[in-house]
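Me: I'd like to learn how to read a helical model without getting lost in it. Can we go through one together?

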Amino acid sequence: MSTKNPKIEKLKQLQVTDSKIAALESLIKDKPGHLNTKKEMVGKLKQKSDAKKEEIKKLKVEVDKNNLELKTGEDQINKFNLQLNTVKTNKEYSAILTEINGCKADNSLMEDKILRLYGQMEGLQKDLQEIDDEAKKHEVELEQESAAIEQELVQIRQELETLYQERQKNSAELDGETLKSYDKIARSKPNRQALAQVAANICMGCNMDVTPQQVNELHREKDIVCCRHCLRILYL
Ligand SMILES: [Zn+2]
């Protein structure tokens, strides 16, 4: 059964508009939050990239240090080789040869170490590249999603503007007191549902009973009747 109370009819129109407004306003509030996960991911990847760069930098310092030591070792061997030309005795000669062999052994170990470090460096650089590629990919996606959301928001704001105007029109058709109590109830309800239908003497807003007297009042279609429990404005 539908009511013919004109006040209720106008309130219903207002509620339709208000439901749409509530839905769009919550969309505006929630939309940007969808980007947060992606933003966090990009942030974490950048931190990882920085840490990797720091590791590479440290390794490079070690490689340079070892290369310098190797160079010193080679210089030492050259020096010994020159000395070989000036020695007078076999004993001196073999002593220098022993030194040279010692230096060569040290250098060989150093070369192995440097090769190992270069290998590590390549691994780190490959990791870095992968991290940077992934960060870049997410950044591009983030930009695209931000732009898409921005566009959606522009559209939603335009729709809202139209709805606000519609609401103003709906409101103007109601008396101040009715509008005031409607607004008060709407503010306190999810999705601003200030109206509730009555079916089989039950308020559909809160599923609690409506008194027979209230049902009679509703049939008379004169005044506004509110649910005793949830305070919503009732209609049949
Ligand atoms: Zn109720």
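**Reading a helix pair and its surroundings**

Reply: Sure, let's begin with handedness: helix 2 passes helix 3 in a left-handed crossing. Bear in mind that this is a predicted model.

Me: What kinds of residues make up the contact of helix 2 with helix 3?

Reply: That contact divides into 24 nonpolar, 21 charged and 10 polar residues.

Me: How do I describe the geometry of a pair like that?

Reply: Two packed helices are described by the distance between their axes and the angle between those axes. Here, helix 2 covers residues 36-84 and helix 3 covers residues 90-172. Their axes come within 7 Å and cross at roughly 165°. That makes helix 2 roughly antiparallel to helix 3, because angles over 145 degrees count that way.

Me: Which elements does the chain have, and in what order do they run?

Reply: There are 5 helices and 3 strands. Starting at the N terminus, the order is α-α-α-α-β-β-α-β.

Me: How does the radius of gyration of the chain read against that of a compact globule?

Reply: The idea is to set the chain's value beside the one for a compact globule with that number of residues. For 236 residues a compact globule would be near 18 Å, but this chain has 41 Å. The box tells you about the dimensions too: along the principal axes, the C-alpha atoms fill roughly 135 × 35 × 25 Å.

Me: And what share of the residues is buried?

Reply: Buried residues are 11% of the 236 in the chain.

Me: What about contacts between residues far apart in sequence?

Reply: Take the contacts between residues at least 6 apart in sequence: 74% of them join residues at least 24 apart.

Me: Could you show me single residues? Is E145 buried or partly exposed?

Reply: You count C-beta neighbours and compare with the cut-offs. E145, which sits in helix 3, has 13 other C-beta atoms within 10 Å, so E145 is partly exposed. A residue needs 20 or more to be buried, and 12 or fewer to be exposed.

Me: Which residues does E145 touch, leaving aside neighbours within four places in sequence?

Reply: E145 is in contact with L35 and K38. L35 is 110 residues from E145 in sequence, yet their C-alpha atoms are 7.5 Å apart in space.

Me: Got a case in helix 2 as well?

Reply: Try Q76, which is found in helix 2. Q76 has 17 C-beta neighbours inside 10 Å, so Q76 counts as partly exposed. The C-alpha atoms of Q76 and K104 are separated by 9.7 Å, and the two residues lie 28 apart along the chain.

Definitions and conventions:
Residues numbered from 1 in each chain as written. Predicted model: local features only at pLDDT ≥ 70, side-chain atom pairs only at ≥ 80, totals over all residues. Axes fitted to C-alpha atoms, helices over the stretch in contact; angles between N-to-C directions. Helix = DSSP H or I, 4+ residues; strand = E, 2+ residues; numbered from the N terminus. Parallel < 35°, antiparallel > 145°, perpendicular 65-115°, else oblique. Left-handed = near helix turned anticlockwise from the far one by under 90°. Nonpolar A, V, L, I, M, F, W, Y, C, P; charged D, E, K, R; others polar. Rg over C-alpha atoms; globule rule 2.2 N^0.38 Å. Contact = placed C-beta atoms within 7 Å.
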